[in-house]
Amino acid sequence: MQAALFRALAHLDLPPEHVTIISGIGCSSRLPAYTECYGFHGIHGRALPLATGLKLARPELTVIVASGDGDAFSIGGNHFLHACRRNVDLTCIIMDNEVYGMTKGQPSPTTASDWDSKLAPSGTHVRPLQPLAVALAAGAGFIARGFSGDPNGTARLLVEAIRHPGFALVHVLSPCVTYRPEEKLWKQQVHSIEMEPTAELAEAARRLFTDDGLSTGIFYRATLPPYPVTSQTRSDDLSVIEAEFVL
Ligand SMILES: Cc1ncc(C[n+]2csc(CCOP(=O)(O)OP(=O)(O)O)c2C)c(N)n1
(Lines give C-alpha, C1' and ligand atoms only; values in the text may rest on other atoms or scores of the structure.)
Protein backbone atom coordinates (compact mmCIF):
# COMPACT_ATOMS: atom_id res chain seq x y z
CA MET A 1 0.00 0.00 0.00
CA GLN A 2 2.84 2.33 0.91
CA ALA A 3 4.56 1.63 -2.42
CA ALA A 4 1.32 2.36 -4.27
CA LEU A 5 0.88 5.67 -2.47
CA PHE A 6 4.46 6.77 -3.18
CA ARG A 7 4.08 5.86 -6.86
CA ALA A 8 0.81 7.80 -7.10
CA LEU A 9 2.25 10.92 -5.41
CA ALA A 10 5.37 10.76 -7.60
CA HIS A 11 3.22 10.37 -10.73
CA LEU A 12 1.17 13.43 -9.74
CA ASP A 13 4.39 15.31 -8.97
CA LEU A 14 3.04 16.27 -5.55
CA PRO A 15 5.79 17.41 -3.19
CA PRO A 16 5.52 16.00 0.37
CA GLU A 17 4.84 19.43 1.90
CA HIS A 18 1.66 19.75 -0.21
CA VAL A 19 0.26 16.48 1.08
CA THR A 20 -1.11 15.58 4.52
CA ILE A 21 -1.97 12.05 5.55
CA ILE A 22 -4.41 11.73 8.42
CA SER A 23 -5.06 8.43 10.15
CA GLY A 24 -6.88 6.86 13.07
CA ILE A 25 -5.54 3.93 15.09
CA GLY A 26 -4.49 0.49 13.89
CA CYS A 27 -1.60 -1.11 11.99
CA SER A 28 -2.95 0.52 8.81
CA SER A 29 -3.12 3.89 10.54
CA ARG A 30 0.66 3.85 11.04
CA LEU A 31 1.01 4.92 7.40
CA PRO A 32 1.67 8.68 7.95
CA ALA A 33 4.76 7.84 10.02
CA TYR A 34 6.35 6.06 7.04
CA THR A 35 6.18 9.05 4.71
CA GLU A 36 7.86 12.45 4.39
CA CYS A 37 4.46 14.13 4.05
CA TYR A 38 2.80 16.06 6.83
CA GLY A 39 0.77 13.68 8.93
CA PHE A 40 -1.52 13.35 11.88
CA HIS A 41 -1.93 10.03 13.69
CA GLY A 42 -5.26 10.78 15.31
CA ILE A 43 -7.58 8.78 17.52
CA HIS A 44 -9.49 5.62 16.74
CA GLY A 45 -12.24 6.14 14.17
CA ARG A 46 -11.77 9.90 13.90
CA ALA A 47 -9.46 10.28 10.91
CA LEU A 48 -12.27 11.52 8.66
CA PRO A 49 -13.46 14.42 10.86
CA LEU A 50 -9.85 15.47 11.38
CA ALA A 51 -9.21 15.37 7.65
CA THR A 52 -12.45 17.23 6.91
CA GLY A 53 -11.45 20.05 9.25
CA LEU A 54 -7.99 20.28 7.74
CA LYS A 55 -9.24 20.32 4.15
CA LEU A 56 -11.75 23.07 4.92
CA ALA A 57 -9.11 25.16 6.69
CA ARG A 58 -6.34 24.51 4.12
CA PRO A 59 -8.04 23.71 0.80
CA GLU A 60 -4.74 24.01 -1.08
CA LEU A 61 -3.44 20.82 0.59
CA THR A 62 -3.98 17.33 -0.80
CA VAL A 63 -5.54 15.52 2.14
CA ILE A 64 -5.40 11.74 2.28
CA VAL A 65 -6.97 9.54 4.95
CA ALA A 66 -5.38 6.21 5.93
CA SER A 67 -7.66 3.86 7.82
CA GLY A 68 -8.50 0.21 8.48
CA ASP A 69 -11.73 -1.78 8.41
CA GLY A 70 -12.07 -1.56 12.20
CA ASP A 71 -11.12 2.09 12.34
CA ALA A 72 -13.37 3.16 9.46
CA PHE A 73 -16.39 0.87 9.66
CA SER A 74 -16.68 0.00 13.35
CA ILE A 75 -15.84 2.83 15.74
CA GLY A 76 -15.62 5.25 12.80
CA GLY A 77 -18.69 4.02 10.93
CA ASN A 78 -20.77 7.09 11.64
CA HIS A 79 -18.04 9.42 10.37
CA PHE A 80 -17.62 7.26 7.29
CA LEU A 81 -21.29 7.63 6.33
CA HIS A 82 -21.27 11.38 6.70
CA ALA A 83 -17.94 11.87 4.91
CA CYS A 84 -19.44 10.02 1.92
CA ARG A 85 -22.46 12.32 1.78
CA ARG A 86 -20.64 15.54 2.69
CA ASN A 87 -18.34 15.23 -0.34
CA VAL A 88 -15.37 17.19 0.95
CA ASP A 89 -12.43 16.73 -1.44
CA LEU A 90 -10.57 13.93 0.37
CA THR A 91 -9.00 10.66 -0.70
CA CYS A 92 -9.94 7.97 1.79
CA ILE A 93 -7.81 4.82 1.70
CA ILE A 94 -9.21 1.96 3.75
CA MET A 95 -6.83 -0.98 4.13
CA ASP A 96 -9.17 -3.90 4.74
CA ASN A 97 -7.70 -7.09 6.24
CA GLU A 98 -11.05 -8.25 7.64
CA VAL A 99 -9.64 -8.29 11.17
CA TYR A 100 -8.52 -5.99 13.98
CA GLY A 101 -4.79 -6.54 13.48
CA MET A 102 -3.31 -4.20 16.05
CA THR A 103 -5.32 -5.60 18.97
CA LYS A 104 -4.47 -9.20 18.05
CA GLY A 105 -7.13 -10.60 15.81
CA GLN A 106 -10.71 -9.76 16.79
CA PRO A 107 -13.37 -9.92 14.05
CA SER A 108 -14.16 -6.61 12.37
CA PRO A 109 -17.32 -5.47 10.52
CA THR A 110 -15.99 -6.97 7.26
CA THR A 111 -15.03 -10.37 8.74
CA ALA A 112 -16.95 -13.32 7.26
CA SER A 113 -19.63 -14.52 9.71
CA ASP A 114 -18.16 -18.05 9.95
CA TRP A 115 -14.51 -17.07 10.57
CA ASP A 116 -13.54 -19.21 13.53
CA SER A 117 -11.14 -17.60 15.99
CA LYS A 118 -10.28 -17.90 19.67
CA LEU A 119 -12.15 -14.67 20.28
CA ALA A 120 -15.26 -15.72 18.32
CA PRO A 121 -15.39 -19.54 18.32
CA SER A 122 -17.39 -20.80 15.30
CA GLY A 123 -17.66 -17.21 14.01
CA THR A 124 -19.65 -14.11 14.80
CA HIS A 125 -22.82 -15.24 12.96
CA VAL A 126 -23.17 -11.63 11.82
CA ARG A 127 -23.27 -10.74 8.13
CA PRO A 128 -20.22 -8.76 6.99
CA LEU A 129 -20.68 -5.15 5.96
CA GLN A 130 -20.36 -4.36 2.25
CA PRO A 131 -18.43 -1.10 2.50
CA LEU A 132 -18.56 -0.10 -1.16
CA ALA A 133 -22.32 -0.57 -1.36
CA VAL A 134 -22.69 1.40 1.87
CA ALA A 135 -20.52 4.18 0.42
CA LEU A 136 -22.68 4.30 -2.72
CA ALA A 137 -25.88 4.51 -0.69
CA ALA A 138 -24.36 7.19 1.53
CA GLY A 139 -23.57 9.39 -1.48
CA ALA A 140 -19.86 8.89 -2.30
CA GLY A 141 -18.96 9.98 -5.83
CA PHE A 142 -15.86 7.84 -6.40
CA ILE A 143 -15.71 4.21 -5.32
CA ALA A 144 -12.78 1.92 -6.13
CA ARG A 145 -11.08 -1.21 -4.86
CA GLY A 146 -7.41 -2.17 -5.08
CA PHE A 147 -5.14 -4.90 -3.75
CA SER A 148 -2.01 -4.18 -1.72
CA GLY A 149 -0.16 -6.94 -3.61
CA ASP A 150 -0.64 -4.94 -6.83
CA PRO A 151 1.13 -1.63 -6.11
CA ASN A 152 1.01 -0.40 -9.70
CA GLY A 153 -2.70 -1.11 -10.11
CA THR A 154 -3.45 0.49 -6.74
CA ALA A 155 -1.27 3.50 -7.61
CA ARG A 156 -3.35 4.04 -10.76
CA LEU A 157 -6.54 4.00 -8.67
CA LEU A 158 -5.02 6.45 -6.20
CA VAL A 159 -4.03 8.85 -8.99
CA GLU A 160 -7.66 8.89 -10.16
CA ALA A 161 -8.95 9.20 -6.58
CA ILE A 162 -6.67 12.16 -5.77
CA ARG A 163 -7.68 13.88 -9.01
CA HIS A 164 -11.38 13.34 -8.27
CA PRO A 165 -12.97 16.59 -7.05
CA GLY A 166 -14.79 15.31 -3.96
CA PHE A 167 -14.76 12.41 -1.55
CA ALA A 168 -13.00 9.42 -3.12
CA LEU A 169 -12.98 6.00 -1.51
CA VAL A 170 -10.23 3.51 -2.30
CA HIS A 171 -10.86 0.21 -0.52
CA VAL A 172 -7.62 -1.77 -0.54
CA LEU A 173 -7.68 -5.51 0.16
CA SER A 174 -4.66 -5.83 2.45
CA PRO A 175 -3.91 -9.34 3.77
CA CYS A 176 -2.99 -9.65 7.46
CA VAL A 177 -0.43 -12.44 7.25
CA THR A 178 -0.28 -12.71 11.06
CA TYR A 179 -3.93 -13.19 12.06
CA ARG A 180 -5.45 -14.12 8.68
CA PRO A 181 -2.71 -16.16 6.94
CA GLU A 182 -5.35 -17.63 4.60
CA GLU A 183 -5.63 -14.15 3.04
CA LYS A 184 -2.31 -14.85 1.28
CA LEU A 185 -4.59 -16.61 -1.24
CA TRP A 186 -6.01 -13.22 -2.27
CA LYS A 187 -2.95 -12.88 -4.49
CA GLN A 188 -4.37 -15.63 -6.72
CA GLN A 189 -8.03 -14.70 -6.25
CA VAL A 190 -8.20 -10.96 -6.98
CA HIS A 191 -9.27 -9.99 -10.47
CA SER A 192 -10.04 -6.81 -12.36
CA ILE A 193 -13.66 -5.78 -12.95
CA GLU A 194 -12.58 -5.01 -16.54
CA MET A 195 -15.24 -2.37 -16.99
CA GLU A 196 -15.10 1.36 -17.42
CA PRO A 197 -16.28 3.30 -14.35
CA THR A 198 -19.99 4.02 -14.49
CA ALA A 199 -21.67 7.28 -13.44
CA GLU A 200 -25.07 5.54 -13.25
CA LEU A 201 -26.18 4.89 -9.69
CA ALA A 202 -28.33 1.86 -10.56
CA GLU A 203 -25.56 0.27 -12.64
CA ALA A 204 -23.04 0.88 -9.84
CA ALA A 205 -25.43 -0.73 -7.35
CA ARG A 206 -25.83 -3.74 -9.66
CA ARG A 207 -22.05 -4.06 -9.97
CA LEU A 208 -21.47 -3.79 -6.24
CA PHE A 209 -24.23 -6.18 -5.20
CA THR A 210 -23.15 -8.83 -7.72
CA ASP A 211 -19.47 -8.44 -6.87
CA ASP A 212 -17.56 -11.23 -5.11
CA GLY A 213 -15.58 -8.77 -2.96
CA LEU A 214 -12.29 -9.63 -4.67
CA SER A 215 -12.59 -7.55 -7.82
CA THR A 216 -10.49 -4.45 -8.33
CA GLY A 217 -11.07 -1.28 -10.33
CA ILE A 218 -13.23 1.84 -10.27
CA PHE A 219 -16.87 0.84 -9.76
CA TYR A 220 -18.44 4.28 -9.74
CA ARG A 221 -17.33 7.78 -10.64
CA ALA A 222 -19.73 10.68 -10.78
CA THR A 223 -19.20 14.39 -10.48
CA LEU A 224 -21.36 15.42 -7.56
CA PRO A 225 -21.61 18.89 -6.02
CA PRO A 226 -18.61 19.31 -3.73
CA TYR A 227 -18.92 20.65 -0.21
CA PRO A 228 -18.51 24.43 -0.58
CA VAL A 229 -15.25 25.81 0.74
CA THR A 230 -15.69 29.39 1.88
CA SER A 231 -12.66 31.54 1.22
CA GLN A 232 -12.54 33.13 4.67
CA THR A 233 -9.47 35.12 5.53
CA ARG A 234 -7.42 33.03 7.90
CA SER A 235 -5.25 34.39 10.67
CA ASP A 236 -2.05 32.66 11.70
CA ASP A 237 -1.60 35.20 14.47
CA LEU A 238 -2.54 33.44 17.71
CA SER A 239 -3.32 36.69 19.55
CA VAL A 240 -6.02 37.49 16.95
CA ILE A 241 -7.60 34.07 17.43
CA GLU A 242 -7.37 34.37 21.24
CA ALA A 243 -9.03 37.79 21.13
CA GLU A 244 -12.10 36.23 19.46
CA PHE A 245 -12.57 33.99 22.50
CA VAL A 246 -12.29 36.66 25.19
CA LEU A 247 -15.55 36.82 27.14
C1 LIG B 1 -11.33 4.38 21.59
C2 LIG B 1 -10.51 3.16 21.32
N3 LIG B 1 -11.10 1.95 21.35
C4 LIG B 1 -10.38 0.84 21.09
C5 LIG B 1 -9.05 0.94 20.82
C6 LIG B 1 -8.25 -0.30 20.58
N7 LIG B 1 -7.92 -0.50 19.20
C8 LIG B 1 -6.74 -0.07 18.68
S9 LIG B 1 -6.54 -0.46 17.08
C10 LIG B 1 -8.05 -1.26 17.05
C11 LIG B 1 -8.57 -1.96 15.82
C12 LIG B 1 -7.84 -1.65 14.58
O13 LIG B 1 -8.36 -2.41 13.54
P14 LIG B 1 -8.26 -1.92 12.05
O15 LIG B 1 -8.76 -0.54 11.90
O16 LIG B 1 -8.94 -2.96 11.21
O17 LIG B 1 -6.70 -1.83 11.78
P18 LIG B 1 -5.54 -2.92 11.57
O19 LIG B 1 -4.75 -2.92 12.85
O20 LIG B 1 -6.18 -4.25 11.27
O21 LIG B 1 -4.78 -2.35 10.40
C22 LIG B 1 -8.68 -1.18 18.28
C23 LIG B 1 -10.01 -1.80 18.59
C24 LIG B 1 -8.46 2.23 20.79
N25 LIG B 1 -7.17 2.42 20.49
N26 LIG B 1 -9.22 3.31 21.05
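In what order do the eight strands of the open sheet stand?

**View 1. The open sheet of this predicted model, strand by strand.** The order is S2-S1-S3-S4-S6-S5-S8-S7, and the pairing is mixed. At the edges you will find strand S2 (38–41) and strand S7 (191–192). Each has a single partner strand, so one side of each is left without a neighbour in the sheet. Helix H6 packs on this sheet, where it touches strand S3 (62–68), S4, S5, S6 and S8. The direction of H6 makes about 160° with that of S5.

**View 2. Strand S6 and its two parallel partners.** Let us start with strand S4 (residues 91–96), which pairs with S6 in the parallel sense over six bridges. Here Met95 stands opposite Val172 of S6. S5 also runs parallel to S6, and six bridges join the two. In that pairing, Phe142 has Ala168 of S6 as its bridge partner.

**View 3. Strand S6 (residues 168–173), covered on both faces.** Are the residues of this strand buried or exposed? Six of its six residues are buried. In a regular strand, side chains alternate between the two faces of the sheet. On one side of S6 are Ala168, Val170 and Val172, and on the other are Leu169, His171 and Leu173, all of them buried.

**View 4. The antiparallel pairing of S5 with strand S8 (residues 215–221).** Four bridges hold the place of this pairing in the sheet. Look for Ile143, which stands opposite Tyr220 of S8.

**View 5. Helix H1 (residues 2–11) and its buried side.** Ala4, Leu5, Ala8 and Leu9 are the buried residues to pick out here. They cover an arc of only 130° around the axis, which means that they lie on the same side of H1. Ala3 and Ala10, on the other side of the helix, are exposed. Among the elements that cover the buried residues of H1 are strand S1 (19–23), strand S5 (142–147) and helix H6 (151–163).

**View 6. Two loop residues with positive phi, Asp13 and His125.** Asp13 comes just after H1, in the loop between H1 and S1. Its phi is near 60°, a positive value in a residue other than glycine. Asp13 is exposed, because only 12 or fewer neighbours are allowed for that class and Asp13 has 7 other C-beta atoms within 10 Å. His125 sits in the loop between S4 and helix H5 (131–138), and the phi of His125 is also positive, near 60°. With 8 other C-beta atoms within 10 Å, His125 is exposed.

**View 7. Where helix H2 (residues 47–57) meets helix H4 (residues 77–86).** The two axes come within 9 Å and cross at roughly 35°. H2 brings Leu48, Pro49 and Thr52 to the contact, while H4 brings His79, Phe80, Ala83 and Arg86. By character, the contact residues divide into four nonpolar, two polar and one charged.

**View 8. The shell of 18 residues around the ligand.** Which residues come nearest to the ligand? They are Gly26, Gly68, Gly70, Asp71 and Gly101. Helix H3 (residues 69–75) gives the largest share of the shell, four residues. Seven residues of the shell are nonpolar, nine are polar and two are charged.

Notes: Residues are numbered from 1 along each chain as its sequence is written. This is a predicted model: local features need pLDDT of at least 70, side-chain atom pairs count only at pLDDT 80 or more; totals for chains, interfaces and linings use all residues. A residue is near a molecule or strand if its C-beta atom, placed from the backbone, lies within 6 Å of it. Ala, Val, Leu, Ile, Met, Phe, Trp, Tyr, Cys and Pro count as nonpolar, Asp, Glu, Lys and Arg as charged, and the others, Gly among them, as polar. A residue is buried if 20 or more other C-beta atoms lie within 10 Å of its own, exposed if 12 or fewer, and partly exposed in between; C-beta atoms are placed from the backbone. The arc is that of the directions from the helix axis to the C-beta atoms. Two residues are in contact if their C-beta atoms, placed from the backbone, lie within 7 Å. Axes are lines fitted to C-alpha atoms, for helices over the stretch in contact, and angles run from 0 to 180 degrees between N-to-C directions. Two strands pair if DSSP finds at least two bridges between them.
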